[in-house]
Protein chains: 2
Amino acid sequence: MSGSYTFQDEAQRHLAAGDVPAYMQALGRAARAAAVELRRADAGLKNRALDAMAARLAASKHRVLEANALDMQRGKENGLDSALLDRLALTDSRVEAMIDGLRQVAALPDPVGEIDEMTYRPSGIQVGKMRVPLGVIGIIYESRPNVTLEAASLCLKSGNACLLRGGSEASASNAAISNCIQEGLADVGLPAGAVQVVATTDRAAVGAMISMPEYVDVIIPRGGKSLIERISREAKVPVIKHLDGVCHVYIDTTADPSKALAIAVNAKTHRYGTCNTMETLLVDAPIADLLLPELARAYAQHGVELRGCERTQALLPQAVEATEEDWQAEYLAPILAIKVVDGMDEAIEHIEQYGSHHTDAIVTQDYSLARRFMAEVDSSSVIVNASTRFADGFEYGLGAEIGISTDKLHARGPVGLKGLTTQKYVVFGDGQVRQ
Amino acid sequence: MSGSYTFQDEAQRHLAAGDVPAYMQALGRAARAAAVELRRADAGLKNRALDAMAARLAASKHRVLEANALDMQRGKENGLDSALLDRLALTDSRVEAMIDGLRQVAALPDPVGEIDEMTYRPSGIQVGKMRVPLGVIGIIYESRPNVTLEAASLCLKSGNACLLRGGSEASASNAAISNCIQEGLADVGLPAGAVQVVATTDRAAVGAMISMPEYVDVIIPRGGKSLIERISREAKVPVIKHLDGVCHVYIDTTADPSKALAIAVNAKTHRYGTCNTMETLLVDAPIADLLLPELARAYAQHGVELRGCERTQALLPQAVEATEEDWQAEYLAPILAIKVVDGMDEAIEHIEQYGSHHTDAIVTQDYSLARRFMAEVDSSSVIVNASTRFADGFEYGLGAEIGISTDKLHARGPVGLKGLTTQKYVVFGDGQVRQ
């Protein structure tokens, strides 16, 4: 621990001198040293740290709320819009939810140390794969201050040190939360470098964080598409990306109409702003005249604007003409594009051409079509007869979610604790040598 | 298939016009289209393609050997050294081994479609993870022409399209092998774009291949460290890297001396040029005076040069003084650095500081030390009481190996067919919606 405190002092000196790259390097060194200690920490110690943070946050709730009030006041002065202010705001119940969240993460099984596929080989050695932490994780996020604690708890539980860089509008809140985290770490004797909240709003800190592969093993950006694209472009460290969700539901002719109706309405209207919300509905031609008018009535009740292909417009005169942009759009709004297709092959082709490989669903009673859709659609979640809104770490039973990956390598789809780990090979022998 | 042939014609036109970037883009488009077909190919079809390639290669063996003779002649004229010429040379038995290799890959289980961790969730949906191809894989390698067929077969078996860029010195051999591959694909009706050997020695082809994320999902460079570092630095596509192997064996005081001797000799002398060869031996002080003189005699018989710390030199006067560079060296040669340490903690610290996180072993009879070493050493392979030379896809039972990854994300250690796949979530419901 003394080592970590030395790093912290050094970091503070660089920060005071305005040398942001040197400050970030000092944080990186502290994180790397802490990662070695965390790798060795058993589940009990990590859970005690999470519980200690929860206790410290409960005891400091008023200070966190005071800091947040400061951020809110500054946000209002700076003219932040109401959606942003809502994400920034902490209330007593939101802080309670953060405390609960810490205890829930403590209750999750520890993925570290799990050994899979252990077998004896003809040479007499035993080989298996052991799950181990990645090392140091850098997380770059925007306004919501509760992400600070959520990210810290998931990284800690999975045995990783982390560098957390939140939005500048939440800096006072994040500093207050960081204090609780540091107190919790110290309570159980874990190094301060295990969780470090970047204490400058200077944008150079982000550039430095994504350019030090010697100290950071992976970057997880959480925010809008443009932030994530910029970070991916500039990073010299691997990035787990979450880009867009242009999700589809395809309703086949054999679909149970009541299930199709429920799923299509839920996938669009359950929440508009989430990445697993349906943006384009594909309807098999023979069932379109039965289903589309009824669906349109349901969408009208929710105030959803409809845009459609020619065949859709023939059935639903209220639908605006859908353009090429509509098929590519992630509306994140009460707007839906509808296309009538001739069978599943056309639906799959449309999904392949316009989709973002995030989450796509089929509604069908046909066994063989379900089986083909599942194999042939190349998306991070492929769903048969359920709403796209299920594509979520909690719904999938991961117990937690640090994000949803639209990458194919390492982690794909909802990322829980396991996505923050890797596997190394472990070999047990009794003197074996290669012949 | 007509689509693929159109792409091939277009590619040829660009190549004839000397427009390498446009040529590579055409190959990329063909690969992406072929990847969609390969995703849908069942194991039977893929295996038939591999068998057809084997038959075509057997029938065209003389043409492949003639082409190779041309490469060899040109190589000699260009003054290639004997090691490089040996890697370039094909003989009747090497071609037979390539044919056998194809049939072995055909006999491996197909990882695609495997579903893991399928469970019912409280919502009533069933969720699991299905193994699926990555898509398009770009492989950049050096002189050995048999890599062309090996890479093609592993990519095909795992359902991926591939772009293969071999060394310019093997261009005639690779073109002849490419013909056999194309004939085999055509025999079973798979698209020509499934396996494409880059038909230009222009270095711009590499730059283009690593800069088209729209067509290539991952790059696997196989070659020297400087090639891999350059590609990783410049790539706009994820890279699965294989950097250096600075591997250690630590002999604890409780080690069985005969096992320690066998392992330390095998790990160094079984082969000098491989990445899993031991480069530094760490010996616990209390066992050093017993073990080191005997070890030194064994190494002397193999002509291994010894470099040691002061305490090693006190026991082995023939050892040269080891410098800071020696602790970091991947010799790939009959040279060994030796350090006497005071216990396992010092050994682990040394490995953490100087190792490359590739493969590290302990020789011990102490249960608790073995358990700690296994948990605390952060290497892609951690071995107890066996030679580091076991860190190999075949020895681990992967059935094949496309390389050894020194990365932590996606694939770590020996990479077999599974490392060329990813997992998507599959969900089965019966009308469920999010509440």
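Let's start with how much surface the two chains share: chain A and chain B bury about 5900 Å² between them, and 54% of that is on carbon and sulfur atoms. In chain A, the residues that lose the most area to chain B are Leu409(A), Tyr425(A) and Arg434(A), which together make up 15% of what that side buries. Please keep in mind, as we go, that this is a predicted model.

How many residues does each chain bring to the contact? Chain A gives 67 residues, and chain B gives 67 residues as well.

Now, where do those residues sit on chain A? Elements that give two or more residues to the side touching chain B include helix 2 (20-39), helix 11 (257-269), helix 15 (344-354) and helix 16 (367-376). Among the strands on that list you'll find strand 2 (126-133), strand 13 (381-386), strand 15 (413-415) and strand 16 (421-432). And which of them gives the most? That would be strand 16 of chain A, with eleven residues. If you like to think in residue classes, this side of chain A has 30 nonpolar, 19 polar and 18 charged residues.

Let's turn to the charges and polar groups. Side chains of opposite charge can pair when their charged atoms come close. Between chain A and chain B there are 14 salt bridges. One to look up on your screen joins Arg434(B) to Glu395(A), with the closest N and O atoms 3.2 Å apart. You may remember Arg434(A) from a moment ago, as one of the residues that lose the most area to chain B. Counting residue pairs in polar contact between the two chains, with both partners at pLDDT 80 or more, we get 48.

How are the two chains arranged? A rotation of 180° with 0.0 Å of shift along its axis puts chain A onto chain B, with an RMSD of 0.1 Å. That is the relation of a two-fold axis. If you want to find the axis on chain A, go to His410(A): its C-alpha is the nearest to the axis, at 1.8 Å. The same surface serves both copies, with 100% of the contact residues of chain A recurring in chain B.

Stepping back to a single chain, the domain assignment splits chain A into domain 1 (2-234) and domain 2 (247-390). Their C-alpha centres lie 38 Å apart.

Over all chains, the structure holds 59 salt bridges. One of them is between the side chains of Asp326(A) and Arg307(A), at 2.8 Å from N to O. Asp326(A) is in helix 14 (residues 324-328) and Arg307(A) is in strand 9 (residues 305-308) of chain A, so this pair ties together parts that are 19 residues apart in sequence.

Last stop, a loop in chain B. Asp110(B) sits between helix 6 (92-107) and strand 1 (115-120) of that chain. Leaving out residues up to four places away in sequence, Asp110(B) touches Ala43(B), Lys46(B) and Lys157(B). With Lys46(B), there is a side-chain to side-chain polar contact at 2.8 Å. A polar atom of the Asp110(B) side chain also lies 2.8 Å from the backbone nitrogen of Val112(B). As for Asp81(B), its C-alpha is 40 Å from that of Asp110(B), and the two residues are 29 apart along the chain.

Conventions:
Residues numbered from 1 in each chain as written. Chains lettered and ligands numbered in written order. Predicted model: local features only at pLDDT ≥ 70, side-chain atom pairs only at ≥ 80, totals over all residues. Heavy atoms only, no water. Domains from an automatic or database assignment. Least-squares fit on C-alpha atoms with pLDDT ≥ 70 in both. Contact = heavy atoms within 4.5 Å. Buried area = accessible area lost by both parts, 1.4 Å probe. Salt bridge = Lys/Arg side-chain N within 4 Å of Asp/Glu carboxyl O. Polar contact = N/O pair within 3.5 Å; in protein donor to acceptor, adjacent residues only side chain to side chain. Helix = DSSP H or I, 4+ residues; strand = E, 2+ residues; numbered from the N terminus. Nonpolar A, V, L, I, M, F, W, Y, C, P; charged D, E, K, R; others polar.
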